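Notebook open, model loaded. I'll jot things down as I look them up.

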Amino acid sequence: MWQAIAEHINSELDSDFEIESKAQLTGGSINLAWRVSGKGQQFFVKLNQREQAEQFETEVLSLHALQQAHCIRVPKVICAGQTIDKAFLVLEYMPFSGETVQGWQHLAQQLALLHKQHDQAMYGFDWDNSLGTTPQPNKWQANWSSFFSEQRLGWQLQLLLEQGFGFGKIDYLVEQCRQRLQHYQPPPSLLHGDLWRGNIGFVSDSPAVFDPACYYGDRETDLAYTTLFGRFPEHFYKAYQELYPLDKAYTERKDLYNLYHVLNHAYLFRGAYLVQAQEMIKQLFS
């Protein structure tokens with residue numbers, strides 16, 4: 001397997017790279033992660049079962065979209081491919097260091113600049129992709145309330161129902177969500193889509209993001225998710241607000257947006273997330 005990965009790297013870079021050492025890294029709950037080294041070069045390698053090859057391919061598309069926005073750093077894509085039984089994604093290796101106040105401020109400023117690029121008139125993406133390993137549909141739609149209620153909440157509720165976990169009548173919940181957002185039509189922004197602390201790193205004071213699940217949507221969904229599993233430092237939000245202030249009604253939508261991620265965690269991991277999802281639905285729609 002490793003020889004095949006080295007050959008893919010060489011083919012892409014037109015080099016004679018050889019893997020002289022490798023070390024498994026911690027932190028991921030879905031993919032295996034490795035650092036491979038040789039001849040003065042290092043690369044980050046993500047591994048999963050061969051069936052997950054499409055997940056890596058769509059991740060590459062999201063990374064390229066963020067890179068082409070020229071706002072926020074992402075790891076450079078080296079190559080993606082398959083061996084006999086594995087799928088892999090090779091990225092630039094970034095030597096992350098500790099976080100700093102300036103690093104968080106830079107991240108906020110760069111994210112705000114990304115969100116301020118309103119060069120898309122509709123919501124969605126040119127490709128469906130994945131949130132974790134969960135398929136994420138991104139069919140283009142002109143109405144934000146329809147897009148979010150159908151392709152985010154409705155989609156997750158249907159996936160959970162097919163696994164035997166029902167949270168009420170899906171059509172009713174989708175309509176309730178649509179009504180909550182029906183008078184709100186934000187300008188579409190390119191979103192990271194999975195913006196939590198585990199998908200952020202700092203090289204000195206320079207921030208970088210990875211593991212994106214991009215689409216064009218309401219920027220508030222990115223900000224909302226930063227508060228779900230432990231808020232980012234307050235100087236992050238202060239720096240973002242200074243450059244691109246949030247609507248005062250953001251706090252009224254934040255939990256609705258985060259319900260999508262809680263439902264996804266319920267689908268992927270079950271357990272306490274199922275209870276949390278039920279409680280959020282009760283609070284939002286009862």
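How many helices and strands does the protein have? I get nine helices and 11 strands, taking DSSP runs numbered from the N terminus (H or I, at least four residues, for helices; E, at least two, for strands).

Note to self: this is a predicted model, where local features need pLDDT of at least 70 and side-chain atom pairs count only at pLDDT 80 or more, while totals for chains, interfaces and linings use all residues. Residues are numbered from 1 along each chain as its sequence is written, and side-chain values use heavy atoms, with hydrogens and water left out.

Next, overall size. The radius of gyration is 20 Å, close to the 19 Å from the globule rule for 286 residues, so the protein is as compact as a globular protein of that length. I took the radius over C-alpha atoms, and the rule is 2.2 Å times the number of residues to the power 0.38. Along the principal axes, the C-alpha atoms fill a box of roughly 60 × 45 × 35 Å.

Then burial. Of the 286 residues, 52% are buried (under 20% relative accessible area, 1.4 Å probe, protein chains only).

Last, a helix pair. I found α4 (residues 144-162) packing with α5 (residues 170-181) at about 155°, axes 9 Å apart. Axes are lines fitted to C-alpha atoms over the stretch in contact, with angles from 0 to 180 degrees between N-to-C directions. That makes α4 roughly antiparallel to α5 (over 145 degrees). Among the residues touching are W144, F148 and L153 of α4 and I170, L173 and V174 of α5, where contact means heavy atoms within 4.5 Å.

Notes: Parallel < 35°, antiparallel > 145°, perpendicular 65-115°, else oblique. Buried < 20%, exposed > 50% of the residue type's maximum accessible area, 1.4 Å probe, protein only.
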